[in-house]
Amino acid sequence: MKDNNLLAELASYLFSRSHAETGRTPSERELAEHFSVSRGQIREALAILEAMRIVERRAKSGIYLTTRQASVEAMALFARAGLPLDPIQIYETVELRKIHEIKAAELACSRATEENYERLREILKASEARLQAGEGLAKEDRDFHLEIVRATQNSVFHKICSIYYVMGEQRLPIYFNDPERGRKSHAEHIQIYEALLRRDGNLAQALMSAHLQGAESYWKGLIGDLDAAADRRPEPV
């Protein structure tokens, strides 16, 4: 079993087999037997999950889920494994994505290369073809936004923002099932591209902010009463 598969499958299994009240999971020995791997492989995988704040290994006690403290990378792993994500955390991630991509639009105006512009033109052309065929823009939307982040020439920035799209990859096709939403998004992408081409950082930021407001409103609608949900969350420790 590949390490990446083991991580995702182990996380999924721990969720399904953890104690509802205590969060305690099966032991290393039981996990090794279940996945037909060595205890050393299980320890290595658990060490990664612990670093991602998915589990906590307590001496002489066992392994416990600690998902409320999970990192953004952990949430991406949950999405890959098909595990349910906390809707409040998803909304907060969308909010953070908005902050990052607005800044990315500004930086791209001063740093984008002709290669970035050519790639954006290709994506817009592909988007137009998808719309004419009556298809959704999930892939093209992701590619467009991540190319703008790539145009900042900051590889760490790109890696961080890529995680947001991993987390939303199951929801994005649903979001773009609405043809009108796809047409509107495409038109806004063209405006953002033209602002980038003029290297107008202020306009690019404003257009990106308005564009991402739609996704933010969409998640608000899915989650419902955010304030009430937030009131039910435990206080940070």
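Reader: What makes Lys 60 notable in the hairpin of S1 and S2?

Author: In this predicted model, Lys 60 takes a positive phi near 60° in that hairpin, which has three residues between the strands.

Reader: How do you know that strand S1 and strand S2 pair?

Author: Two strands pair if DSSP finds at least two bridges between them. Four bridges join strand S1 (residues 55–58) to strand S2 (residues 62–65), so the condition is met. The two strands run antiparallel, and Glu 56 has Tyr 64 in S2 as its bridge partner.

Reader: Why is Thr 25 called buried?

Author: Buried means under 20% relative accessible area. Thr 25 has 8% relative accessibility and therefore counts as buried. Thr 25 lies in the loop between helix H1 (3–17) and helix H2 (28–35). Leaving aside residues up to four places away in sequence, Thr 25 touches Leu 14, Arg 17, Ser 18, Ile 63 and Leu 65.

Reader: Why is Ser 217 called partly exposed?

Author: The term covers values between the 20% and 50% limits. The relative accessible area of Ser 217 is 38%, so Ser 217 is partly exposed. This residue is found in helix H11 (residues 201–223). Its C-alpha is 9.7 Å from that of Tyr 91, although the two are 126 residues apart in sequence.

Reader: Where in the chain is confidence lowest, and where is it highest?

Author: Helix H12 (residues 226–231) has the lowest mean, 49, and helix H6 (residues 114–132) the highest, 97. Over residues 232–237 the pLDDT is below 50, and this stretch has three contacts in the model beyond near neighbours in sequence. Where pLDDT is low, the predicted coordinates should not be read in detail.

How values were computed: Residues are numbered from 1 along each chain as its sequence is written. This is a predicted model: local features need pLDDT of at least 70, side-chain atom pairs count only at pLDDT 80 or more; totals for chains, interfaces and linings use all residues. Side-chain values use heavy atoms; hydrogens and water are left out. pLDDT is the predictor's confidence in each residue, from 0 to 100. Contact means heavy atoms within 4.5 Å. Buried means under 20% relative accessible area, exposed over 50%, partly exposed in between (1.4 Å probe, protein chains only).
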